[in-house]
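Reader: I have a model open and want the reasoning behind its labels. Can we take them one by one?

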Amino acid sequence: MDLSTSDHALRADLRRVIYALSDALDLVGIDDIAHGKRVGIMAAQCAQQMGLTAGETALLFDLGLLHDIGVSSTVTHYHLVAEFDWESSQGHCEVGHALLRDFAPLAALALPVKYHHTRWPTLLEQGVEREVARRANLIYLVDRVDAMAAPHYADGSLLLHVPRIRAQLAAHANSYFLPELVDAFLVASRAEAFWLNLEARGIQAYLADMLAQGEPYAATMHELRQLATIFSRIVDAKSPFTAQHSLGVARLARFLAQRLGVGADNCDKIEIAGLLHDIGKLRVADEILDKPARLDERERALMNAHSFETFLILRLIPGFAEIARWAACHHEQPDGDGYPFHLPGKALALEARILRVADIFQAMVQDRPYRAGLSADAVRDFMRELAGRGDVDAAIVAVALADLPGAMAAAKGRLSE
Ligand SMILES: [Fe+2]
Ligand SMILES: [Fe+2]
Ligand SMILES: [Fe+2]
């Protein structure tokens with residue numbers, strides 16, 4: 001692992017960032033982590049069948065990748081895949097719409113996300129604009145196909161189930177789906193290749209093709225911060241115990257970095273790392289994350305994998321190498337007893353050690369559903385105890401304690417300056 005830290009402005013292709021972060025959404029499937037990608041690939045294959053433009057095909061592909069951006073709960077994901085028409089499906093559509101509508105580069109996806117569990121006749125009754133309605137309904141269609149196909153990917157039996165899946169879909173023309181979309185799906189899905197593209201290696205090849213075709217789009221820092229904030233909200237929404245945790249960690253990490261003389265460009269990067277540091281938690285089952293008692297050994301192992309999952313996602317983004325390492329190391333300890341790399345303090349970048357302090361500090365001061373966050377006195381005592389044991393960097397703790405009200409305000413989402 002390269003541990004050097006440089007200080008250049010953050011540059012990244014927005015498309016690469018979006019593709020990598022869409023991996024995080026798929027983690028909510030726990031054992032089946034390609035739902036969004038398969039929906040995107042099926043939507044694009046149907047678009048090609050209908051002769052739609054390359055631009056529209058790419059938009060539908062992206063819409064497929066991101067359509068479940070409102071799902072952070074593993075229980076919600078389970079219902080959506082296990083039931084053809086789950087009565088509570090609209091909730092995640094509304095959340096997804098709210099997350100996307102104010103982010104200009106993806107704003108065109110917001111309304112189709114809102115309507116991706118609405119039946120075609122209802123879309124017409126509600127007077128939803130035709131273009132939005134078609135995009136939303138195509139995603140609904142292929143999403144339901146994936147729900148029916150999902151149990152059969154792992155054991156290699158998918159092709160045996162294709163006739164039944166196609167027949168079931170055809171039976172929902174008119175009542176759920178625009179008939180011409182059903183027709184396009186039925187023609188495209190006659191080919192075995194349509195289905196084989198949905199297996200792991202087919203997915204990788206398809207993704208690589210889509211990335212190669214798209215135009216690079218150099219994201220501004222403002223756009224990267226907005227996108228990272230969207231994903232931080234998805235992670236933080238997973239549990240009432242973590243509401244605003246990532247946002248608070250990002251703000252406190254920047255606050256500490258500025259006081260420790262970190263350059264302006266790395267202060268930007270540490271803020272992004274703070275927003276995304278727990279993104280790997282999307283793969284942790286709700287019942288583990290919300291367990292009111294101590295975790296058993298197996299649950300602890302699943303929980304502790306989250307910082308490495310974060311690393312796997314972020315390291316795929318060209319330009320994010322440092323962000324990926326810092327975020328991955330937020331549970332590393334100066335004494336070498338942390339995880340997942342067991343790196344000693346001298347091998348950890350200052351920014352990684354800052355994130356570690358910010359992560360623990362924010363969790364202590366965060367208000368919880370049934371209790372207020374810890375008082376300043378309690379935070380001071382506890383941070384000193386951790387520093388004394390070698391769990392966190394004592395010099396960074398000292399900086400936080402030197403302006404404790406300012407650090408607490410930053411951790412709670414209010415900056416004092
Ligand atoms: Fe879905
Ligand atoms: Fe964490
Ligand atoms: Fe955290």
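Reader: At what angle do helix 14 and helix 15 pack, and how far apart are their axes?

Author: First, a caution: this is a predicted model. Helix 14 covers residues 245-259 and helix 15 covers residues 264-276. They pack at about 155°, and their axes are 7 Å apart.

Reader: What makes helix 14 roughly antiparallel to helix 15?

Author: The angle of about 155°. Angles over 145 degrees count as roughly antiparallel. Helix 14 is therefore roughly antiparallel to helix 15. Their crossing is right-handed.

Reader: Which residues in helix 14 meet helix 15?

Author: Ser-246, Leu-247, Val-249, Ala-250, Ala-253, Arg-254, Ala-257 and Gln-258. On the side of helix 15, the partners are Asn-266, Cys-267, Ile-270, Glu-271, Gly-274 and Leu-275. The residues of this contact divide into 8 nonpolar, 4 polar and 2 charged.

Reader: Why are helix 20 and helix 22 called oblique to each other?

Author: Helix 20 (residues 350-365) and helix 22 (residues 394-402) cross at roughly 50°. Under 35 degrees would count as roughly parallel, and roughly perpendicular runs from 65 to 115. The angle of roughly 50° fits neither class, nor the one over 145, so the pair is oblique. The axes come within 9 Å, and the crossing is right-handed.

Reader: Which residues make that contact between helix 20 and helix 22?

Author: Helix 20 supplies Arg-353, Ile-354, Val-357 and Phe-361. Helix 22 supplies Ile-396, Val-397 and Ala-400. That gives 6 nonpolar residues, no polar and 1 charged.

Reader: How many helices and strands are there in the protein chain?

Author: The protein chain has 23 helices and 0 strands.

Reader: Why is the protein chain called as compact as a globular protein of that length?

Author: Set two values side by side. The radius of gyration is 23 Å. For 417 residues, the globule rule gives 22 Å. The two are close, so the protein chain is as compact as a globular protein of that length. Along the principal axes, the C-alpha atoms fill a box of roughly 65 × 45 × 40 Å.

Reader: How is the protein chain divided into domains?

Author: Domain 1 spans 35-197 and domain 2 spans 221-411. Their centres, taken over C-alpha atoms, are separated by 35 Å.

Reader: How do you know that domain 1 and domain 2 are in contact?

Author: The criterion is C-beta atoms within 7 Å. By that criterion, 8 residues of domain 1 are in contact with 12 residues of domain 2. The domain 1 side of this contact has 5 nonpolar residues, 3 polar and no charged.

Technical notes: Residues are numbered from 1 along each chain as its sequence is written. Chains are lettered from A and ligands numbered from 1 in the order in which they are written. This is a predicted model: local features need pLDDT of at least 70, side-chain atom pairs count only at pLDDT 80 or more; totals for chains, interfaces and linings use all residues. Axes are lines fitted to C-alpha atoms, for helices over the stretch in contact, and angles run from 0 to 180 degrees between N-to-C directions. Helices (H or I, at least four residues) and strands (E, at least two) are DSSP runs, numbered from the N terminus. A crossing is left-handed if the near helix is turned anticlockwise from the far one by less than a right angle, and right-handed if clockwise. Two residues are in contact if their C-beta atoms, placed from the backbone, lie within 7 Å. Ala, Val, Leu, Ile, Met, Phe, Trp, Tyr, Cys and Pro count as nonpolar, Asp, Glu, Lys and Arg as charged, and the others, Gly among them, as polar. Domain bounds come from an automatic or database domain assignment. The radius of gyration is taken over C-alpha atoms; the globule rule is 2.2 Å times the number of residues to the power 0.38.
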